[in-house]
Structures are given as structure tokens and as C-alpha cells.
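This note sets out a colleague's remarks on the structure shown below. The points are numbered so that each may be taken up separately.

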Amino acid sequence: MRVLVAGATGAMGKELVPRLVDAGHEVFAMVRGESGKATASQLGAVPVIADALDRAQVEAAVRQAAPEVIVHQLTAIGHIDTRHFERSFAATDRLRIEGTDNLLAAARATGVRRFVAASNGAFTYTRTGGPIKSEQDPLDRSPISDMASMIAAVEHLEKAVLGAAWIEGIVLRYGAFYGPGTSMAPGSAQLEMIRKRKFPIVGDGAGVWSFVHIADAAEATVAAVEKGGRGVYNIVDDDPAPVAEWLPAVAAMLGAKKPMRVPRFIGRLAAGPAGVVLMTELRGASNAKAKRELGWHPAHPSWRQGLQAGR
């Protein structure tokens, strides 16, 4: 198939594009400029230039590529400062709203038949009820103010993709990435904070995180391109874990002392309201549907083995 990947030069794109090429697809990469062109070519894709926020440029790029499938991996997430959570996600929020709308408009104008979009299943589920959520569970209906714009942007993306009756829309709710190019890669700032005991457990540490290795997420995305059906899939590993469990385990892997514990009010001062939510209230996600319908099984079924292997 002819596949256009928007966001082809990010951490996910660098894992995804070579896999699509190896699977025999003709891959086009939508990039913003010359440096992106070079990277896309090295990955095995044909570069097409467009600013995702410029609708005319996006349509021109999609017409040039004439894809059967568009894969939307547009993000601009760098270091996440939980004290300024809204600011950390502002550029990505815009891509999830305007970028999604532009890609869908171009897809409709050119007759694209399938649209696979990256979403967020790590920070967005409702914070009530049981610790593990399926695709049937709602996103957070009453987010704290610092996280409201991020969740609203995710909801916009999902509703736009799934509500487009003229195309087969697929949404992939990825867990928290680890592995090459991510915030939890060997030597990354986040792992160094854990190593230096600058990443404490806040409150009871009951927030449940679902992780996924970036390579496993890319494999799931290839499966969605080839045989996914309309709907939402959680792309996470088999081992959701509360912060009070995974953070000390990661510290031990790094040869560090156990993380400190601080009460919620101290955590709020140090990490902001969003940091407290991430530490104490998050819900994890189930990957049963992705396994069943995509035939996908993570090569790294647990962050425990995956992180240990990447040291």
C-alpha cells in the first residue's frame, strides 16, 4: 500500500517508517523542510514537504503522495514540566486539533481510505472506578485545569477521526513510551532524575501507569495500517503498575537508592497539580482488544524486562 506518515521524523516515526518499508509498503513522509527530507530519505521514505498547520500545503502534499492510508503521528512533545503541564503540551494540542483537521480534509479531498491517528492512553482516562481501563471507558470528564486543554485536544482528535464516516478511522491510545528517542531512554533526563533521587513518590503513589516500548508501539501501528478496523485501541504492555511499584523498581535497575516519599502538599509545590495527579490518580489501560483484533503482542510484555534490557 501507499502510506503517508505525518510526523515521520519523531521518535515514533523513526521506528515506524522502516517497519512499513520492510513490510513492503511504499512510504511517504510529510516533513517541514530540508533537514526532515534528509532524515525521511535515510529511513526509506519519499519526503513530501508541508507545514501541518497550513491546510493548502497539507492537501498538496497528500495529493503528491496519493496514499491509501495516512498515519498521523504529529506531536511536539519535549520535556514535560508538570508544573507547567498546559504549556508543555500547547504545541501538540494545536497539532492534534488543527493538524488533524487539515489531514482529514486532505484525505477526504483525495480519496484516502484509512486514517490511523496517534492518541494518548497514558494520561487521559477517567480517574474514577477501577485501576485498569478498556477502550469502552471514557476519557477524564472533569480534568484538573492544568490538564484540561491536553485532554480536550485528544478528544477533538478522536472525535474527528472516528466521526468521519467517509473514511476508516483508527485511533491508537499509546501508553507512556520508553526506549530509543523517548523520555525514558538510557541516559535520558527522566532516568537521570530517578538515579539522583530527584523523582520522589508523591502521596501514596497509587497512580497506575501503562507503558509501551516505542518499538512495540511501532509494530502495533503497522498492524493497524494493515488490518485495523474502525475504532480505538489501547497500545500498552501487559504490566500496568502504580508509581509506588514501578518507580522503586526502575531506581533499583539504575543502581540508585529508593526514591524519597513526600506528602501530596509538598508534591504539589514541587511538581504542580498535574504532577500530583500523575503520581496518585492515573488509571492504567488494557491491551486485550489490540491483541485480539490486531494480532499484536508486545515483544516487551513488561517495562521491567524492557527497561532492564535497554540499560
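1. Which residue in E7 does Phe115 stand opposite? The model is a predicted one, and in it Phe115 stands opposite Gly169. The two strands concerned, E5 and E7 (residues 168-174), run parallel and are joined by seven bridges.

2. The other pairing of E5 to be noted here is with E4. These two strands also run parallel, with four bridges between them. Val69 has Arg114 in E5 as its bridge partner. Together with helix H4 (residues 85-110), E4 and E5 make a β-α-β unit, and this unit is right-handed.

3. Burial of E5 deserves a separate remark. Strand E5 spans residues 114-120, and seven of its seven residues are buried, so the strand is largely enclosed by the rest of the structure. In a regular strand, side chains alternate between the two faces of the sheet. In E5 both faces are covered: one side carries Arg114, Val116, Ala118 and Asn120, the other Phe115, Ala117 and Ser119, and all of these are buried. Arg114, the bridge partner of Val69, and Phe115, which stands opposite Gly169, thus belong to opposite sides of E5 because the former is listed on one side and the latter on the other.

4. Two residues call for a check of backbone geometry. Most residues other than glycine have a negative phi. Ala66, however, has a positive phi, near 50°. Ala66 is placed in the loop between helix H3 (55-65) and strand E4 (69-72), and its relative accessible area of 41% makes it partly exposed. Arg197, likewise not a glycine, has a positive phi of about 60°. Its place is the loop between helix H6 (189-195) and strand E9 (201-202). Arg197 is also partly exposed, at 31% relative accessibility.

5. Salt bridges come to a count of 20 under the rule applied. One of them joins the side chains of Arg19 and Glu219, with an N to O distance of 3.0 Å. This pair links distant parts of the chain, 200 residues apart: Arg19 belongs to helix H1 (residues 11-22) and Glu219 to helix H7 (residues 214-227). Are the two partners buried, partly exposed or exposed? Arg19 counts as partly exposed at 24% relative accessibility, and Glu219 is partly exposed at 38%.

6. A further salt bridge is formed by Arg304 and Asp239, whose closest N and O atoms are 2.6 Å apart. Arg304 lies in helix H11 (residues 303-309), whereas Asp239 lies in the loop between strand E12 (231-235) and strand E13 (241-242); the pair therefore ties together parts that are 65 residues apart in sequence. The partners fall into separate accessibility classes: Arg304 is partly exposed at 27%, while Asp239, at 15%, counts as buried because the limit for that class is under 20%.

7. Glu293 and Arg292 also form a salt bridge, with 3.8 Å between the closest N and O atoms. The pair is accepted because the cut-off is within 4 Å. Glu293 is partly exposed, at 39% relative accessibility; Arg292 is exposed, at 60%. Elsewhere, a network of salt bridges links Arg127, Asp140, Arg264 and Glu281.

8. The surface includes a nonpolar patch of about 330 Å², made by Phe265, Ile266 and Leu269. Leu269 is located in helix H9 (residues 264-280). With a relative accessible area of 68%, Leu269 is classed as exposed.

9. A final remark concerns helix H11, to which Ala309 belongs. Ala309 is exposed, its relative accessible area being 63%. The C-alpha atoms of Ala309 and Gly179 are separated by 9.9 Å, although these residues are 130 residues apart along the chain. Arg304, the salt-bridge partner of Asp239, lies in H11 as well.

Note on methods:
Residues numbered from 1 in each chain as written. Predicted model: local features only at pLDDT ≥ 70, side-chain atom pairs only at ≥ 80, totals over all residues. Heavy atoms only, no water. Buried < 20%, exposed > 50% of the residue type's maximum accessible area, 1.4 Å probe, protein only. Patch = residues over 30% accessible without salt bridge, like charges linked within 9 Å, V, L, I, M, F, W, Y side chains within 5 Å. Areas by Shrake-Rupley, 256 points an atom, 1.4 Å probe, with all protein chains shown as cover. Pairing = 2+ DSSP bridges. Right-handed = clockwise from strand over helix to strand, strands pointing away.
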